[in-house]
Amino acid sequence: TWHLKKIPQIVSERTFSLDSPKFEAKTKLELNSVCGIECQRKLPVPSLSDLKDLLSYETVFENGTRTLTEVNVRGLVLDPAGNTTTRKSLRKKRQIYGTDSRFSIYDKRFMTNFPFNTAVKISTGCSGILISPKHVLTAAHCLHNGKDYVKGSKRLRVGLMKTKSRGDGRKRKGAKRNGMPSFQWTRVKSTHIPKGWFKGVSGDIALDYDYAVLELKRPHKRKYMELGISPTIKMMPGSMIHFSGFDNDRSGQLVYRFCSISDESNDLFYQYCDAEPGSTGSGVYLRLKEPNKKKWKRKIIAVYSGHQWVDVNGEQQDYNVAVRITPLKYAQICFWIHGNDENCTQG
């Protein structure tokens, strides 16, 4: 079952203007030089002042202006255990591990219905997921390389899946045959990225803050997926997670997969889900029972950050990693959606 948790409060303290970004960075769907499992184990536990800094955030507006909002964190109980991981496991150097276990969704009935209809395409080449009538969750590195915003993020757009109806005789540009999705593109009004992504907790890029929220210019009328707080592996049925995205090697297809998590830190899940670039930024979700009800509910508990290469004992190893939605990140994303913390006291 989903367990209710009291959420710490993220309160904005002051906002100031920054220079407009250059928007000159190249989009990198696969990251090198990141803080991996071994590196995570050695990281110190962030203090309250560290967290205030890491959770402060930049907002970029569609006219190219940019602000920085400094935040305060209230009601947080710090975990002294640090970045513990559950167990070590060696990974083979492949993005597809063993037999390719991905499913391409062709059937319109599935593609245009929940939960698959919550998957969206980001114009910089990533995927994302609808989290409110006006907001999309994706990975920060789809928009920013740690130093500057990527070229395509100045006129950022989000593609919502639509399928061509039979009654439409005119062949629209971009419409695909055989039930393949075409997209209805919507402009992005503003983008929020936590400062933790720009800084990195260590010298390398730390993936703990690889998430961003996009506010759409116009609301959509589709069913979206709610956020949930990521439970530990032990609390998941079969440790199984699910996500759907638009993998580059299956052009024009929505690709779904599910797999078990093999390792975790406080902020990250390490797993063997088969995925190719393009699915980065997908919402990772679980299906658990609602408390005191017989109904099952899907909620997003992580953001798929992608396939990463890291140095482990001097050797290059790889894994697929997802950024967990912790109580703090839940509070921040919820604050971005609602603009206040009244709706974000429990998760």
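The exercises below deal with the core, one helix and the cavities of a predicted model.

**Exercise 1.** Find which helix gives the most residues to the largest nonpolar core.

Solution. Start with the core, which has 66 residues. Those touching the most other members are Leu55, Ile131, Leu137, Val158, Tyr211 and Ile333. The helix that gives the most to this core is H5 (residues 327-338), with eight residues. A further core, of 16 residues, lies apart from it and includes Met236 and Phe269.

**Exercise 2.** State which residues of H5 are in contact with Ile131, leaving aside neighbours within four places in sequence.

Solution. The contacts of Ile131 include Val136, Leu137, Tyr224 and Ile300. Ile333 and Ile337 are also among them, and both are listed as buried residues of H5.

**Exercise 3.** Check the length of H5 against its expected span.

Solution. The helix has twelve residues. The expected span is 1.5 Å times one less than that number, so H5 should span 16 Å. Its end C-alpha atoms are 16 Å apart, which agrees. Ten of the twelve residues are buried. After the helix comes Gly339, with a positive phi near 75 degrees.

**Exercise 4.** Describe the linings of the two largest cavities by residue class.

Solution. The largest cavity has a volume of about 100 Å³. Its lining has seven nonpolar, three polar and three charged residues. Strand E9 (182-194) gives the most to this lining, with four residues. The second largest cavity has a volume of about 60 Å³. Its lining has five nonpolar, five polar and no charged residues, and Pro115, Phe116 and Tyr285 are among them.

Key: Residues are numbered from 1 along each chain as its sequence is written. This is a predicted model: local features need pLDDT of at least 70, side-chain atom pairs count only at pLDDT 80 or more; totals for chains, interfaces and linings use all residues. Side-chain values use heavy atoms; hydrogens and water are left out. A nonpolar core is a set of buried Ala, Val, Leu, Ile, Met, Phe, Trp, Tyr and Cys residues joined through side-chain atoms within 4.5 Å. Buried means under 20% relative accessible area, exposed over 50%, partly exposed in between (1.4 Å probe, protein chains only). Helices (H or I, at least four residues) and strands (E, at least two) are DSSP runs, numbered from the N terminus. Contact means heavy atoms within 4.5 Å. On a 1 Å grid over the protein atoms alone, a cavity is a set of points where a 1.4 Å probe fits but cannot get out, and a pocket is an open set with protein on both sides within 12 Å along at least five of seven lines; lining residues have an atom within 4 Å of a point. Grid points are joined across faces, edges and corners, and a volume is the space filled by probe spheres set on the points. Ala, Val, Leu, Ile, Met, Phe, Trp, Tyr, Cys and Pro count as nonpolar, Asp, Glu, Lys and Arg as charged, and the others, Gly among them, as polar.
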